[in-house]
Amino acid sequence: MAPVSRLSGRTLAALLPDLRTLPGPVYSALGDAVTALVLDGRIATETRLPSERELAVALQVSRATVTAAYDALRGDGFLASRTGSGSFVTVPAGSVPRPSLSRWTMAGAGPADVIDLSCAALPAPPGLLEVAVAAAARSITPHTVDDGYAPAGLPALRAAVAERFTARGVATGPDQVLITNGALHGWDLLLRLLVGPGDRVLTELPTYPGALDAIRGNGARVVPVPMAAGGGWQVDQLQATLRQTSPRLAYLTPDFHNPTGALIPESDRRDVLRVARQTGTTVVVDESFVNLGFCPPERATAAIDSSVISIGSLSKPIWGGLRIGWLRASVDLVHRLAALRAGIDMAGPVLDQLVATELFGKLDEITAARLSELRPQRDALVAALARELPEWQVAVPQGGLSLWAELDAPLSTPLTLLAAQAGVIVVPGSRFGVDGTLERFLRLPFSLPAPRLDDAVRRLAGVWAGIDRAGIGTRQLVVA
Ligand SMILES: Cc1ncc(COP(=O)(O)O)c(C=O)c1O
């Protein structure tokens with residue numbers, strides 16, 4: 001397989017610690033440091049490393065040192081070389097992303113008092129759905145006079161979504177909106193229409209696992225670009241990867257990213273969109289969490305570049321059980337997507353769309369109430385982690401429903417397995433990436449009341465204190 005993007009000697013040198021301060025010979029410190037960057041998802045697999053000579057110059061070490069480090073990486077299965085295409089990063093055979101230990105695998109197992117932190121999602125606000133469903137039932141009669149199939153969605157809901165985009169500075173007509181069964185449905189439809197087998201789709205690393213599954217399910221190739229260590233985009237790496245790989249699509253979550261909760265500044269969005277235009281890459285932004293920010297929102301991405309496709313849904317601000325989402329694109333694309341969708345599931349349910357139309361007008365009020373509950377929950381989770389697990393590093397999320405904790409050892413999967421026995425269901429970091437990397441990270445949603453989060457963190461700390469760290473070596477870091 002050809003490498004998909006390239007790191008220059010200078011860029012790799014900037015990612016590495018000062019090798020001379022590390023124990024042992026410099027070549028082995030270099031090999032270990034590159035291995036750690038790969039396993040932490042800071043260098044994506046299939047990235048081409050700089051030539052030995054280029055890296056030696058950048059690090060001011062001898063070429064023999066870099067040759068020895070690359071040989072060691074090759075021996076450990078972290079580097080593969082092809083004549084003519086250089087050396088590219090890989091992971092040892094048998095490394096796979098861990099599946100989610102989510103509710104459907106846990107029936108009947110573990111202690112009775114289970115704290116489920118496997119999903120960054122909330123229950124519906126009490127009483128709200130009941131009122132909206134009653135109002136929708138009263139208004140359904142006029143819709144029953146025809147066949148009820150509207151592949152692009154109910155006109156009233158399309159208009160409500162369009163109005164909201166327009167109010168955010170993205171002039172939108174109702175015919176630019178497709179109503180979907182959730183944001184993930186919109187993403188899958190786009191993949192079905194726009195990518196073919198083997199096409200490249202750029203994503204952030206980490207990213208929402210459902211988006212990765214949909215890319216792979218459509219036979220496309222994920223081109224992951226690591227996020228910055230403290231959160232946010234690495235704009236230069238995104239630009240370089242766009243230029244080097246010209247992906248067909250880019251899937252980005254700049255508004256309270258899952259799992260990190262990061263909000264990307266307008267200038268970074270602008271810089272990435274400019275290069276995506278040059279490389280002919282269609283940018284899709286997932287705005288699932290856009291309403292759940294603890295700080296003022298950034299300008300809508302489609303207001304910066306109207307060719308950006310936006311997907312969103314009521315799942316995160318209101319309730320996932322509604323299965324109502326949308327997609328904003330050109331009139332022509334919406335038309336093609338509606339035709340495609342008609343051949344898959346005909347159309348969305350009318351009653352549910354009427355319920356969503358009722359709720360849409362109250363979205364700001366609903367999200368304001370949500371945020372006033374979520375902020376103390378986020379603060380309680382951050383405080384509990386600082387108290388119980390001070391060795392973990394946690395960037396305080398600016399929004400969304402989760403934080404991304406950096407553990408002090410690459411044991412996320414063993415932790416989640418043991419935590420399940422202690423009654424805490426969490427998903428390992430590797431589920432948010434590709435090839436089994438990100439084992440040093442754990443996604444923790446703050447979607448439960450503060451006392452439950454406190455309890456969960458206490459249990460996690462108990463498990464972490466007893467976890468067997470013996471034998472963490474280069475090969476054992478990848479969990480097969
Ligand atoms: C970023 C992101 N997009 C989409 C989804 C799925 O949303 P929906 O329920 O609207 O399909 C999720 C769910 O966690 C998500 O985190």
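Me: About 950 Å³ of space lies in the largest pocket. What makes a set of points a pocket?

Reply: The model is predicted, so a local feature needs a pLDDT of at least 70 and side-chain atom pairs count only at pLDDT 80 or more, while totals for chains, interfaces and linings use all residues. Residues are numbered from 1 along each chain as its sequence is written, and side-chain values use heavy atoms, without hydrogens or water. A pocket is an open set of points on a 1 Å grid over the protein atoms alone, with protein on both sides within 12 Å along at least five of seven lines. Its volume is the space filled by probe spheres set on the points, which are joined across faces, edges and corners.

Me: How do you know which residues line the largest pocket, and which are closest to its centre?

Reply: A lining residue has an atom within 4 Å of a point. There are 40 of them, and Cys119, Ala120, Ala121, Tyr208 and Lys316 are the closest to the centre. Helix H7 (183–194), helix H8 (209–217) and strand E11 (309–313) each give two or more residues. H8 has the largest share, four residues.

Me: What makes a lining residue nonpolar, polar or charged?

Reply: Ala, Val, Leu, Ile, Met, Phe, Trp, Tyr, Cys and Pro count as nonpolar; Asp, Glu, Lys and Arg as charged; the others, Gly among them, as polar. The lining of the largest pocket therefore sorts into 19 nonpolar, 13 polar and eight charged residues.

Me: Why is another space called a cavity?

Reply: In a cavity a 1.4 Å probe fits but cannot get out. One cavity of 30 Å³ or more is found in the whole structure, and the largest has a volume of about 110 Å³. It is lined by 13 residues, with Arg164, Arg168, Val290, Asn291 and Trp326 closest to its centre. Helix H6 (155–167) supplies the largest share of this lining, three residues.

Me: How do you know that strand E3 and strand E4 pair?

Reply: Strands are DSSP runs (E, at least two residues), helices are runs of H or I with at least four, and both are numbered from the N terminus. Two strands pair if DSSP finds at least two bridges between them. E3 (79–82) and E4 (86–89) have four bridges, so they pair, in the antiparallel sense. Arg82 has Gly86 as its bridge partner in E4. Three residues lie between the strands of this hairpin, where Gly84 takes a positive phi near 90 degrees.

Me: What makes strand E13 an edge strand?

Reply: E13 (393–394) belongs to an open, antiparallel sheet of four strands in the order E13-E14-E17-E16. E13 and E16 (427–428) each pair on one side only. Elsewhere in the sheet, five bridges join E14 (402–406) to E17 (441–445), and Leu403 stands opposite Leu444.

Me: How do you know where domain 1 ends and domain 2 begins?

Reply: The bounds come from an automatic or database domain assignment. They give domain 1 (5–89), domain 2 (103–120 + 365–477) and domain 3 (128–361).

Me: What makes residues of domain 1 and domain 2 count as in contact?

Reply: Contact means heavy atoms within 4.5 Å. By that rule, 11 residues of domain 1 touch 11 residues of domain 2. Buried area is the accessible area (1.4 Å probe) that two parts lose on being put together, summed over both. Between these domains the area is about 880 Å², with 52% from carbon and sulfur atoms.
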